[in-house]
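Me: I would like to go through the labels given to this structure and ask, for each, what justifies it. Please set the value against the cut-off each time.

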Amino acid sequence: MRTIWIIAVVATLSIGAGAMYLTERPLTVAVVQPETDVALRIYGLGTVEARVLARVGFESSGTLMSLTVDAGDRVAQGQALAALNQDEQEARLARAQAAVAANAANQAKAEAAVLRATAILAQREAANRRQAELTRQEAASIQRAEEAQRDEDVARADVKVAEAELAVIRAQGQDAVAALQLEQTLLDRHRLTAPFDALVVTRLAETGAVVRSGDPIFTLIDPDTIWIQAYIDEERAGQLALGQPGTIRLRSQPASEFMGTITRIGVESDRVNEERRVWLTCSDCPPQMFLGEQAEVRILTATRATALMVPEVAIMGFDGYRGTVWIVQDGRLSRADLTFGARDDRGRVEVTGGLPDAAQVVAVPLQGVDEGRPARIGAAP
């Protein structure tokens with residue numbers, strides 16, 4: 001029994017000493033070191049897009065008779081792109097032209113009738129004046145004077161009728177001209193032209209197809225308006241501003257970086273993904289860009305002369321502004337509540353307040369460690 005008791009005491013002392021060694025021995029930790037000339041960047045993922053993009057088609061329905069350009073072609077403003085069957089519309093245009101010509105002839109006839117009626121009126125006025133003079137001189141009867149006055153009144157009415165008929169024909173002429181313009185406009189709608197200097201991205205129909213009004217035939221872009229549309233997490237989007245520079249890396253050229261500038265910030269965030277859209281123009285991008293290609297952007301929001309940047313993974317209960325970290329102070333571990341500011345594209349956050357004097361922030365999360373544990377500073381991770 002004495003031996004058993006001795007063995008038990010020794011075992012207990014050994015376990016106690018081992019536990020004390022494991023809990024009281026200094027724990028080697030890596031700490032965050034202050035940095036100088038810290039560039040604060042925001043990371044975003046996006047695609048290559050065009051600010052000026054148009055899906056063009058005919059304003060009329062019909063059979064597609066010709067296509068003069070294809071995807072990849074560059075076209076000038078006003079250049080013909082495609083045409084519909086024009087036979088029926090050309091016949092309508094010819095009919096409208098004939099109506100205008102017929103109206104012109106009727107108008108000439110009506111003008112001649114006005115001139116004739118005017119001449120007759122002048123003749124009747126002169127005859128009426130002579131007859132009135134003869135009546136005053138009692139050289140003619142009153143009946144002849146009344147007949148002369150009646151003839152003048154009838155001639156004056158004939159002039160008004162002729163002028164009214166001329167006005168009607170002129171109005172009909174305006175209607176005929178408007179109808180001709182309409183038919184010409186409808187004929188022009190059978191020809192599709194480029195609305196601006198553009199690059200043809202896609203061709204969506206082929207010759208012989210029956211297309212409806214509004215169906216897109218081509219997708220056109222202005223190649224000078226290529227830019228990058230990127231999505232930024234709302235938690236980081238508050239640091240964005242117009243004119244901020246950024247670097248762009250295209251998926252097809254991962255070894256190259258291109259310079260860009262923020263030219264637009266979306267006024268509406270994505271309610272599902274909780275992201276904000278920004279657009280960057282590129283100053284030195286390759287001459288040929290491909291719409292929809294994935295691009296990574298890193299936007300420079302600020303630069304710090306000195307800063308203490310803590311990895312987000314080392315922050316407990318982080319709400320975007322406050323969080324708890326492990327610190328080393330006077331050779332022992334403890335927790336501290338800190339406030340944080342700007343973030344960078346490496347998953348780090350700037351410490352703005354709450355750090356005790358002479359304390360250092362542990363760079364990695366600790367598990368199963370109690371406060372007060374001795375610690376020594378090891379190599380940075």
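Reply: What follows is a set of questions and answers on a predicted model.

Me: How do you know that C282 and C285 form a disulfide?

Reply: The two sulfur atoms of C282 and C285 are 1.8 Å apart, and a disulfide is called where cysteine sulfur atoms lie within 2.5 Å, so the pair C282 and C285 qualifies. By this rule the count is 1 disulfide.

Me: Is the disulfide of C282 and C285 right-handed or left-handed, and what makes it so?

Reply: The torsion about the S-S bond is about 95°, so the disulfide of C282 and C285 is right-handed.

Me: Why is C282 called partly exposed, and is C285 buried or exposed?

Reply: The relative accessible area of C282 is 22%, and because buried requires a value under 20% and exposed a value over 50%, C282 falls in between and counts as partly exposed. C285 has 19%, which is under 20%, so C285 is buried.

Me: How many aromatic pairs are there, and why is the pair of W227 and W279 called tilted?

Reply: The count comes to 2 aromatic pairs. In one of them, W227 and W279 have ring centres 5.8 Å apart, with 35° between the planes; the distance is within the 6.5 Å limit for a pair, and the angle is neither under 30 degrees nor over 60, so the pair is tilted. W227 belongs to strand β11 (residues 226-233) and W279 to strand β14 (residues 275-282), so this pair ties together parts that are 52 residues apart in sequence.

Me: What makes W227 and W279 buried?

Reply: W227 has a relative accessible area of 8% and W279 likewise has 8%; each value is under 20%, so W227 and W279 are both buried.

Me: Why is the pair of F318 and F340 called edge-to-face?

Reply: The ring centres of F318 and F340 are 5.5 Å apart and their planes stand at 85°, and because that angle is over 60 degrees and the distance is within 6.5 Å, the pair is edge-to-face. F318 sits in the loop between β16 (309-311) and β17 (322-329), while F340 is in strand β18 (residues 332-343), and the two are 22 residues apart. F318, at 22%, is partly exposed, whereas F340, at 2%, is buried.

Me: How do you know that R264 lies over the face of W279?

Reply: R264 is 5.4 Å from the ring centre of W279, which is within the 6 Å allowed for a charge over a ring, and R264 is listed as lying over the face of that ring.

Me: What makes E350 buried, and which residues does E350 touch?

Reply: E350, in strand β19 (residues 348-353), has a relative accessible area of 10%, under the 20% limit, so E350 is buried. Leaving out residues up to four places away in sequence, its contacts include L40, R304, M309 and F340.

Me: Why is E274 called partly exposed and D330 exposed?

Reply: E274 has a relative accessible area of 49%, which is not over 50%, so E274 stays partly exposed; D330 has 75%, which is over 50%, so D330 is exposed. E274 is in the loop between β13 (258-265) and β14, and D330 is in the loop between β17 and β18. E274 has a positive phi of about 55° although it is not a glycine, and for D330, also not a glycine, phi is positive at about 55°.

Note on methods: Residues numbered from 1 in each chain as written. Predicted model: local features only at pLDDT ≥ 70, side-chain atom pairs only at ≥ 80, totals over all residues. Heavy atoms only, no water. Buried < 20%, exposed > 50% of the residue type's maximum accessible area, 1.4 Å probe, protein only. Helix = DSSP H or I, 4+ residues; strand = E, 2+ residues; numbered from the N terminus. Contact = heavy atoms within 4.5 Å. Phe/Tyr/Trp six-rings, centres within 6.5 Å; stacked < 30°, edge-to-face > 60°. Lys NZ or Arg CZ within 6 Å of the ring centre and 35° of its normal.
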